Amino acid sequence: QVQLVESGGGLVQAGGSLRLSCAASGIIFGIAQMAWYRQAPGKQRELVARITSSGSTNFTDSVKGRFTISRDNAKNTVHLQMNSLKPEDTAIYYCHPEWTNYWGQGTQVTVSS
């Protein structure tokens, strides 16, 4: 059974930082391409960042230079470090092993102005 458990969300002021974590089980994590998506109210879910099994990363333009993604294959965990947060980063953030239908339950990130 696949489980993806996100944590680390919360309320933060603009300019602040948060670190999201996703603990995965039930998948062969070491070969999985992992991604973080987000969905703001009234908007479609969008890709924020992804990291390949070899550690290559890419980011949506709006977060480049502010967010980093990393993975710990020994702990089956992927992290999203979010710095210089803006109110427009407010959304529910989801962990997702790409090319699968599995999603975590999401963690709320709220950035106040």
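Is Glu98 buried or exposed? To find out, open the model, which is a predicted one, and select Glu98 as the opening stop of this tour. At 8% relative accessibility, Glu98 counts as buried, because buried means a relative accessible area under 20%.

**From Glu98 to Arg50**

Keep Glu98 selected and add Arg50, since these two side chains form a salt bridge in which the closest N and O atoms are 2.6 Å apart. Glu98 sits in the loop between strand 9 (91-97) and strand 10 (107-112), while Arg50 belongs to strand 5 (residues 46-51), so the pair ties together parts that are 48 residues apart in sequence. Unlike the buried Glu98, Arg50 counts as partly exposed, with a relative accessibility of 21%. As background to this stop and the next ones, side chains of opposite charge can pair when their charged atoms come close.

**Arg38, Glu46 and their network**

Now select Glu46 together with Arg38, and look for the salt bridge between them, whose closest N and O atoms are 2.7 Å apart. Glu46 is partly exposed, its relative accessible area being 33%, whereas Arg38, at 5% relative accessibility, counts as buried. With both residues still highlighted, add Arg66 and Asp89 to the selection, and you will have four residues, Arg38, Glu46, Arg66 and Asp89, that are linked in a network of salt bridges.

**Lys64 and Asp61**

For the next stop, select Lys64 and Asp61, which form a salt bridge with their closest N and O atoms 2.9 Å apart. Here Lys64 is exposed, and Asp61 is exposed as well. In total, the count for this model comes to five salt bridges, and the Lys64 pair with Asp61 is one of the salt bridges to look at.

**The disulfide**

Finally, leave the charged side chains and select Cys22 and Cys95, which form a disulfide with their sulfur atoms 2.1 Å apart. Its two ends come from distant parts of the chain, since Cys22 lies in strand 3 (residues 18-25) and Cys95 in strand 9, 73 residues apart. If you turn the view to look along the S-S bond of Cys22 and Cys95, the torsion about that bond is about -75 degrees, so the disulfide is left-handed. Both cysteines, Cys22 and Cys95, are buried, and the count for the model comes to one disulfide.

Technical notes
Residues are numbered from 1 along each chain as its sequence is written. This is a predicted model: local features need pLDDT of at least 70, side-chain atom pairs count only at pLDDT 80 or more; totals for chains, interfaces and linings use all residues. Side-chain values use heavy atoms; hydrogens and water are left out. Buried means under 20% relative accessible area, exposed over 50%, partly exposed in between (1.4 Å probe, protein chains only). Helices (H or I, at least four residues) and strands (E, at least two) are DSSP runs, numbered from the N terminus. A disulfide is a pair of cysteine sulfur atoms within 2.5 Å.
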